[in-house]
There are 2 protein chains.
Amino acid sequence: MDFEEEEKLHEERLKAALASMPSEGDVAEMAARFKAISEPSRLKILFALAGGELCVDHVGEAVNANQSAVSHQLRILKDNRIVKCRRLGKKVLYSIADEHVLSMMRSAREHLGCE
Amino acid sequence: MDFEEEEKLHEERLKAALASMPSEGDVAEMAARFKAISEPSRLKILFALAGGELCVDHVGEAVNANQSAVSHQLRILKDNRIVKCRRLGKKVLYSIADEHVLSMMRSAREHLGCE
DNA sequence: ATATTATATGAACTGTTATTCATATGATGA
DNA sequence: TCATCATATGAATAACAGTTCATATAATAT
């Protein structure tokens, strides 16, 4: 492939990239969700919840953080639909929101594994 | 399930969570990689690269950012093994590092889709 | 060699965010 | 209703990260 061909190919890729780019809003939303799971403290919470729902207290013990910090972090995760929760008496039980979150965690682990 | 059974179940889950928790280092590494893709500007770069390798200039056009900003962001992505690059003459061509990254992007899009 | 093109880097400024402390809300049982 | 347990929230501080500007490096062509 000579220089001109190369150049042409790249221009076409650029056009294709621009065409298939998600909207600003969607990119922002996806980025926000990645951001939610991109803090070690919050990612640890997710691994703690991977085995099933836990109350706030137990999450705190699992990740070794105080009640307030955990509560703030859980809120961020919940606002971004990474976790969900239900009340059971005095306690609130948190769990992973859906399969996609677990899928991303798996991918992340695999991505880390192969280096 | 009565109160005591519930309590016992939760305690066991907590123990299981603590046991299966990845190491501090691995969590930090995974979080760092999520963080790399959690900025709208960088996520846009990834969508731009999803169709194939592009030079820095074209990435800049695709995401509408200046050369310096793009270069800085590409460095972060490269340091976190999200993208890789190769030199071709004066240009440096960037591309998605591996399948896991695309997988995470797919999961993110699906996760966004189902609400 | 030197001019030009393409990319990378460093420093500074700005905005963002995690954690902590204190306090508020909500639920249960006496 | 009151005391207690569990969780949530608000404000403040302190650390971090993205963008920009200026400049440096790297490769090519004349």
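Read from one end of the sequence to the other, chain A of this predicted model runs α-α-α-β-α-α-β-β-α. That adds up to six helices and three strands, where helices (H or I, at least four residues) and strands (E, at least two) are DSSP runs, numbered from the N terminus. A word on bookkeeping: residues are numbered from 1 along each chain as its sequence is written, while chains are lettered from A and ligands numbered from 1 in the order in which they are written. Since the model is predicted, local features need pLDDT of at least 70 and side-chain atom pairs count only at pLDDT 80 or more, whereas totals for chains, interfaces and linings use all residues.

How spread out is chain A? Its radius of gyration is 20 Å, well over the 13 Å that the globule rule gives for 115 residues, so chain A is more spread out than a compact globule. (The radius is taken over C-alpha atoms, and the globule rule is 2.2 Å times the number of residues to the power 0.38.) Along its principal axes, the C-alpha trace of chain A spans about 70 × 35 × 20 Å. Of the 115 residues in chain A, 37% count as buried; that label needs 20 or more other C-beta atoms within 10 Å of the residue's own, with C-beta atoms placed from the backbone. Contacts tell another part of the story: two residues are in contact if their C-beta atoms, placed from the backbone, lie within 7 Å. Among the contacts in chain A with a separation of 6 or more, 47% are between residues 24 or more positions apart.

Next come the strands. In chain A, three of them make an open sheet in the order 1-3-2, and the pairing is antiparallel. Strand 1 and strand 2 (83-88) of chain A are the edge strands, each pairing on one side only. Two strands pair if DSSP finds at least two bridges between them, and strand 2 of chain A is joined to strand 3 (residues 91-96) of chain A by six bridges. One of the partnerships puts Leu88(A) with Lys91(A) in strand 3 of chain A.

Chain B also has an open sheet of three strands, with the order 1-3-2 and antiparallel pairing. Strand 1 (54-55) and strand 2 of chain B stand at the edges with a single partner strand each, so one side of each has no neighbour in the sheet. Six bridges tie strand 2 (residues 83-88) of chain B to strand 3 of chain B, and these two run antiparallel. Across that pairing, Val83(B) stands opposite Ile96(B), and Cys85(B) stands opposite Tyr94(B). The hairpin of these two strands of chain B has two residues between the strands, and Gly89(B) takes a positive phi near 65 degrees there.

How do the two chains fit together? A total of 45 residues of chain A are in contact with 46 residues of chain B. On the chain A side, the elements that give two or more residues are helix 1 (3-20), helix 2 (24-36), helix 3 (40-49), strand 1 (54-55), helix 4 (56-63) and helix 6 (99-113). Helix 6 of chain A gives the largest share, ten residues. By class, this side of chain A has 23 nonpolar, ten polar and twelve charged residues. (Ala, Val, Leu, Ile, Met, Phe, Trp, Tyr, Cys and Pro count as nonpolar, Asp, Glu, Lys and Arg as charged, and the others, Gly among them, as polar.) In chain A, 100% of the interface residues are also interface residues in chain B, so the copies meet through the same surface.

Two copies of a chain are related by a rotation about an axis and a shift along it. Here, a turn of 180 degrees and a shift of 0.0 Å along the axis lay chain A on chain B with an RMSD of 0.1 Å. The two copies are thus related as by a two-fold rotation axis. The superposition is by least squares on the C-alpha atoms of residues with pLDDT of at least 70 in both.

Finally, the DNA. DNA strand C is surrounded by 24 residues, the closest being Ser68(A), Cys55(B), Asp57(B), Ser68(B) and Lys91(B); a residue is near a strand if its C-beta atom, placed from the backbone, lies within 6 Å of it. Helix 5 of chain B supplies the largest share of this surface, six residues. For DNA strand D, helix 5 of chain A gives the most, with six residues.

How values were computed:
A residue is buried if 20 or more other C-beta atoms lie within 10 Å of its own, exposed if 12 or fewer, and partly exposed in between; C-beta atoms are placed from the backbone.
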